[in-house]
Amino acid sequence: MNNNINNNWTDIKSGIEKICKNFPESYWNKLDQSRSYPTDFVDTLTKSGYLSILIPEKYGGSGLPIRAASVILEEIHRWGANGAACHAQMYIMGSLLKHGSDELKQKYLPEIAAGKIRLQAFGVTEPSSGSDTLSIKTSAKKSGNKFIINGQKVWTSRAEYSDLILLLTKTDDSEVKQENLSLFLIDMRPHLNKSIIIKPIKTMINHSSTEIFFENLEVDEDCLVGSLGSGFKYILDGMNAERILIASECIGDAKYFIDKATTYANERKVFSRPIAKNQAIQFPIAQAYANTRAAELMVKEACSLFDSNIKCGEESNLAKLLAADASWEAADIAMQTFGGFSFSEEYNIERKFRETRLYRIAPVSTNMILAYISHKVLGMPRSY
Ligand SMILES: Cc1cc2nc3c(=O)[nH]c(=O)nc-3n(C[C@H](O)[C@H](O)[C@H](O)COP(=O)(O)OP(=O)(O)OC[C@H]3O[C@@H](n4cnc5c(N)ncnc54)[C@H](O)[C@@H]3O)c2cc1C
């Protein structure tokens with residue numbers, strides 16, 4: 001294990017580049033076809049210490065700011081790889097670090113930092129409450145010094161490859177909805193196939209998504225993160241980290257598509273000249289580049305505010321919105337530039353095209369960000 005990663009972006013980038021060169025696009029293509037988890041890639045990242053960079057040094061991590069995680073995830077995506085198999089360990093960490101008790105941190109963080117256990121699952125979405133997080137139904141009822149959890153989550157990614165889950169539940173039926181919710185950090189291992197049933201969901205991308213059923217799951221009260229009824233507030237904090245890091249992946253995807261499209265346009269000859277000579281090919285790529293660079297600035301701004309502990313809801317949301325749009329624009333333009341060959345699995349464009357589409361829907365949809373900007377930033381009336 002190497003948990004001494006330096007806060008130097010150039011070193012981090014070249015470290016990730018080296019790893020990604022050992023996991024070329026053919027590796028990701030093969031896994032995509034069999035919908036298999038990139039175990040070797042995740043093990044390598046874990047051993048190299050990159051997945052525990054946000055864990056403070058006293059718990060065995062490198063104690064770096066979110067900007068370091070942003071650089072890592074952008075770089076992974078820039079090489080045609082995908083951080084989705086393991087990125088949650090970075091953005092979930094914020095809720096635990098900021099709000100978890102010392103005992104909870106001491107219990108799990110050293111083992112996570114040592115690569116012995118994984119915290120990769122974040123259970124918020126439910127079948128009947130997607131964007132409307134406040135209407136979740138999964139409940140945790142207090143019984144002595146235990147909580148009994150019942151309910152169902154859906155789209156919980158990586159649950160089969162995670163030991164721990166950060167789970168949002170209702171803990172109170174009172175009217176004040178925000179104060180109904182609480183957050184738990186649960187070790188799923190002793191409960192698997194008993195009071196926790198995990199079922200994979202087949203999807204258009206290789207994302208290890210699942211639905212999870214909780215039936216009379218009994219957990220100790222010390223699994224509660226922070227105080228009872230504060231879960232919604234805590235995940236809002238965590239969601240800023242999530243938005244920033246997903247936006248970083250989008251920037252990586254956008255750069256990947258722009259590089260691929262530019263190289264292909266310069267090489268591909270039609271009518272005896274490179275297609276790049278046509279402005280109808282050049283300009284959309286140039287426009288995608290401009291939009292990507294602008295979105296990248298917003299990601300950096302959000303990172304800088306987050307790392308200075310300054311409110312960054314607006315910037316994190318804007319970063320996610322602009323970066324997801326930029327990667328989708330770049331993906332579409334790469335498809336157009338590659339023409340018919342973009343449909344061939346061999347070129348990887350179709351795989352990345354499918355993968356990057358996700359970000360305009362999850363972890364938060366473009367509409368919900370526009371609603372946030374309309375309501376919270378511009379002060380217009382709530383539409384829901
Ligand atoms: C591959 C994948 C992985 C995921 N991983 C996780 C995970 O690990 N953990 C987890 O908890 N969740 C996860 N999710 C869930 C994801 O966060 C949700 O899909 C997302 O938040 C949208 O919720 P929904 O799908 O229920 O859409 P809905 O809430 O049903 O919305 C459907 C559409 O209607 C729009 N809409 C709804 N209400 C409004 C409104 N008031 N105004 C305007 N438009 C509106 C939405 O923007 C969306 O476009 C994942 C999803 C996918 C697809």
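Helices (H or I, at least four residues) and strands (E, at least two) are DSSP runs, numbered from the N terminus. The expected span of a helix is 1.5 Å times one less than its number of residues.

This is a predicted model: local features need pLDDT of at least 70, side-chain atom pairs count only at pLDDT 80 or more, and totals for chains, interfaces and linings use all residues. Residues are numbered from 1 along each chain as its sequence is written.

**Exercise 1. Describe helix α7: its span, its buried face and its packing.**

Step 1: span. Helix α7 covers residues 102–113 and has twelve residues. From its first C-alpha to its last, α7 reaches 16 Å, close to the 16 Å expected at 1.5 Å a residue.

Step 2: burial. A residue is buried if 20 or more other C-beta atoms lie within 10 Å of its own, exposed if 12 or fewer, and partly exposed in between; C-beta atoms are placed from the backbone. In α7, Tyr108, Leu109, Ile112 and Ala113 are buried. The arc is that of the directions from the helix axis to the C-beta atoms. Down the axis of α7, the buried residues fall within an arc of 130°, so they line one face of the helix. An α-helix has 3.6 residues a turn, so residues three or four places apart point the same way. Glu103 and Gln106 are exposed on the other side of α7.

Step 3: packing. Two residues are in contact if their C-beta atoms, placed from the backbone, lie within 7 Å. The buried residues of α7 pack against β1 (119–123), β4 (164–170) and β5 (181–187).

Step 4: the end. Gly115 follows α7, and its phi is positive, near 75°.

**Exercise 2. Repeat the analysis for helix α2.**

Step 1: burial. Helix α2 spans residues 25–34, and its buried residues are Trp28, Leu31 and Asp32. Their arc is within 105° down the axis of α2, so they line one face of the helix. The face turned away carries the exposed residues Ser26, Lys30, Gln33 and Ser34.

Step 2: packing and end. α11 (349–357) is what the buried residues of α2 pack against. After α2 comes Arg35, with a positive phi near 50°.

**Exercise 3. Place Asp307 in its surroundings.**

Step 1: the helix. Asp307 is found in helix α9 (residues 279–307). α9 has 29 residues and reaches 41 Å from first C-alpha to last, close to the 42 Å expected at 1.5 Å a residue.

Step 2: exposure. Asp307 has 16 other C-beta atoms within 10 Å, so it is partly exposed.

Step 3: neighbours. Not counting residues up to four places away in sequence, Asp307 touches Pro65, Ile66 and Arg67. Asp307 and Leu64 are 243 residues apart in sequence, yet 9.5 Å apart in space, C-alpha to C-alpha.

**Exercise 4. Which domains give at least three residues each to the shell around the ligand?**

Step 1: domains. Domain bounds come from an automatic or database domain assignment. The assignment gives domain 1 (9–118), domain 2 (120–230) and domain 3 (232–377).

Step 2: the shell. A residue is near a molecule or strand if its C-beta atom, placed from the backbone, lies within 6 Å of it. Of the 23 residues around the ligand, Val124, Gly130, Ser131, Ser365 and Asn367 come nearest.

Step 3: the answer. Domain 2 and domain 3 each give at least three residues to the shell.
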